[in-house]
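Subject: A structure for you to look at

Hi,

Here is the structure I promised to pass on. Please have it open while you read, and I will walk you through what turned up.

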Amino acid sequence: MELSGRSILLTGASGGIGSAAAGLLAREGAKLTLFARGPGPLEIVRRRIESLGGAAVAVSGDVRKPGDAARAVVEAVGRFGGLDAVVNNAGFGSLAPFRDGSETLLAEHLETNVLGTFRVSRAALPALEARGRGVIVNVASFAGRVGAPNYSYYNASKFALVGMSEAWRRELLPLGIDVVLVIPQAVETAFLDRMGRDRALGAGPAGTVVSPSAVARAIVAGLRRPRPEIYLPAHSRWLAAMNVLWPGLSDRIMIRLFRGPKVARR
Ligand SMILES: NC(=O)c1ccc[n+]([C@@H]2O[C@H](COP(=O)([O-])OP(=O)(O)OC[C@H]3O[C@@H](n4cnc5c(N)ncnc54)[C@H](OP(=O)(O)O)[C@@H]3O)[C@@H](O)[C@H]2O)c1
């Protein structure tokens with residue numbers, strides 16, 4: 001899809017990946033509806049886009065609230081005459097051992113990463129269908145493909161997001177709507193700091209950190225030329241494949257990389 005003049009709704013637009021994506025999309029000439037909770041940081045991104053000569057509207061809201069998700073779509077359609085694409089990037093992540101976490105922590109992850117994405121996308125679907133074509137980009141995570149010690153609460157939400165996206169892709173393609181999954185390993189943003197990078201990063205390949213601008217470029221590439229999945233770094237796709245083909249071997253590797261307790265070999 002040629003991005004110039006396209007109306008795009010971007011959630012999590014004030015964060016590390018979101019603000020980098022907003023800048024790139026504005027340079028491509030897209031008309032942006034920027035969505036996140038905090039109005040201050042969102043306004044900074046909107047002004048930066050305006051200073052680049054781009055068109056953007058800021059909508060302060062929470063993806064966990066169905067009314068806010070619907071309002072963002074109404075704003076995008078009202079301001080820019082329709083909607084061509086949605087980038088579901090807003091996300092929440094926190095690490096905890098399974099025994100120390102809580103049902104509340106699990107619900108927080110599911111509310112933002114799964115239900116939030118669901119609500120925004122479902123609210124946007126009629127507007128995308130009205131155009132006769134469209135793209136939904138869901139920013140998942142390598143944690144949506146491979147489980148790791150202390151990640152189970154986040155893993156649960158991102159695995160659900162990946163499965164939901166895969167089903168949408170197969171259901172919506174005949175309607176002219178592409179669904180793209182962007183699957184980054186760790187990204188250098190405040191999100192990683194909040195998770196606690198000592199625990200979040202493993203050894204060797206599990207310690208790879210990519211830049212927010214690399215993820216932003218992947219989002220732009222997915223919008224321009226939709227494809228099912230984009231891994232960052234690209235070779236992490238093979239680790240995800242190994243996890244499916246040889247789960248027992250992957251258990252031993254992941255435990256070692258994340259320095260978990262010794263377990264008996266199965
Ligand atoms: N950083 C990583 O290591 C990493 C790795 C893989 C995947 N990801 C995924 O990449 C995405 C973006 O992450 P990031 O690293 O850019 O994080 P970030 O810097 O913390 O930004 C998160 C963005 O989402 C918004 N947001 C959070 N909860 C929201 C809610 N309930 N409603 C609306 N907006 C909400 C935040 O703004 P407000 O707080 O103001 O709402 C902010 O704009 C997330 O989905 C994350 O899971 C991140």
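To start with, in which strand is the place of V86? It is in β4, the strand that covers residues 85-88. Please keep in mind throughout that this is a predicted model.

**Around V86**

V86 counts as buried because 31 other C-beta atoms lie within 10 Å. Apart from its neighbours within four places in sequence, V86 is in contact with L9, V120, S121, A124 and I136. You can also try the distance from V86 to T11: they are 75 residues apart in sequence, yet the C-alpha atoms are 8.1 Å apart in space.

**From β4 to β5 and on to β6**

The strand β4 is joined to β5 by four bridges, and the two run parallel. Between them the chain passes through α4, and this β-α-β crossover is right-handed. If you would like one pair to click on, N88 stands opposite N138 in β5.

How many of the residues of β5 are buried? Six of its six residues are, so the strand is mostly covered, given that 20 or more other C-beta atoms within 10 Å make a residue buried. G134, I136 and N138 point one way from β5, while V135, V137 and V139 point the other way. In general, side chains in a regular strand alternate between the two faces of the sheet.

V137 is a good residue to pause at in β5. It is buried, since 26 other C-beta atoms lie within 10 Å. Beyond its neighbours within four places in sequence, V137 is in contact with V87, N88, V180, V182, I219, G222 and L223. For another distance to try, V137 and R119 are 18 residues apart in sequence and 14 Å apart in space, C-alpha to C-alpha.

On its way out of β5, the chain meets a further strand: β5 and β6 (residues 177-184) run parallel and are joined by six bridges. The crossover from β5 through α5 to β6 is a right-handed β-α-β one. Here V137 stands opposite V180 in β6.

**β2 and its two partners**

Now turn to β2, residues 31-36. Six of its six residues are buried, so β2 is largely enclosed by the rest of the structure. K31, T33 and F35 point one way from the strand, and L32, L34 and A36 point the other way.

One partner of β2 is β1 (residues 7-11), which runs parallel to β2 and is joined to it by five bridges. The chain gets from β1 to β2 through α1, in a right-handed β-α-β crossover. Within this pair, I8 has L32 as its bridge partner in β2.

Another partner is β3 (residues 55-60), paired with β2 in the parallel sense over six bridges. Together with helix α2 (residues 39-51), β2 and β3 make a right-handed β-α-β unit. Two pairings to look for are K31, which stands opposite A55, and L34, whose bridge partner is A58.

**The nonpolar core**

The largest nonpolar core has 70 residues, and L9, L10, A22, L32, L34, V182 and I219 touch the most other members. Take L32 as an example: leaving aside its neighbours within four places in sequence, L32 is in contact with I8, L10, A22, L25, A26, I49, G54, A55 and A56. As a general point, nonpolar side chains in soluble globular proteins tend to be buried together.

**Around the ligand**

Which residues come nearest to the ligand? Of the 31 around it, they are G12, G15, R37, G38 and G91. The shell divides into 14 nonpolar, 14 polar and three charged residues. At least two shell residues are supplied by each of α1 (16-27), α4 (103-131), β7 (186-187) and α6 (190-195).

**Two backbone details**

The peptide bond from L232 to P233 is cis, with omega near -10°. P233 is in the loop between β9 (229-232) and α9 (236-245).

The other detail is N150, which is not a glycine but has a positive phi, near 75°. N150 lies in the loop between β5 and α5 (152-172), and it counts as buried because 20 other C-beta atoms lie within 10 Å.

Enjoy exploring!

Best wishes

Note on methods
Residues are numbered from 1 along each chain as its sequence is written. This is a predicted model: local features need pLDDT of at least 70, side-chain atom pairs count only at pLDDT 80 or more; totals for chains, interfaces and linings use all residues. Two strands pair if DSSP finds at least two bridges between them. A crossover is right-handed if, with the strands pointing away from the viewer, the path from the first strand over the helix to the second runs clockwise. A nonpolar core is a set of buried Ala, Val, Leu, Ile, Met, Phe, Trp, Tyr and Cys residues joined through C-beta atoms within 7 Å. A residue is buried if 20 or more other C-beta atoms lie within 10 Å of its own, exposed if 12 or fewer, and partly exposed in between; C-beta atoms are placed from the backbone. Two residues are in contact if their C-beta atoms, placed from the backbone, lie within 7 Å. A residue is near a molecule or strand if its C-beta atom, placed from the backbone, lies within 6 Å of it. Ala, Val, Leu, Ile, Met, Phe, Trp, Tyr, Cys and Pro count as nonpolar, Asp, Glu, Lys and Arg as charged, and the others, Gly among them, as polar.
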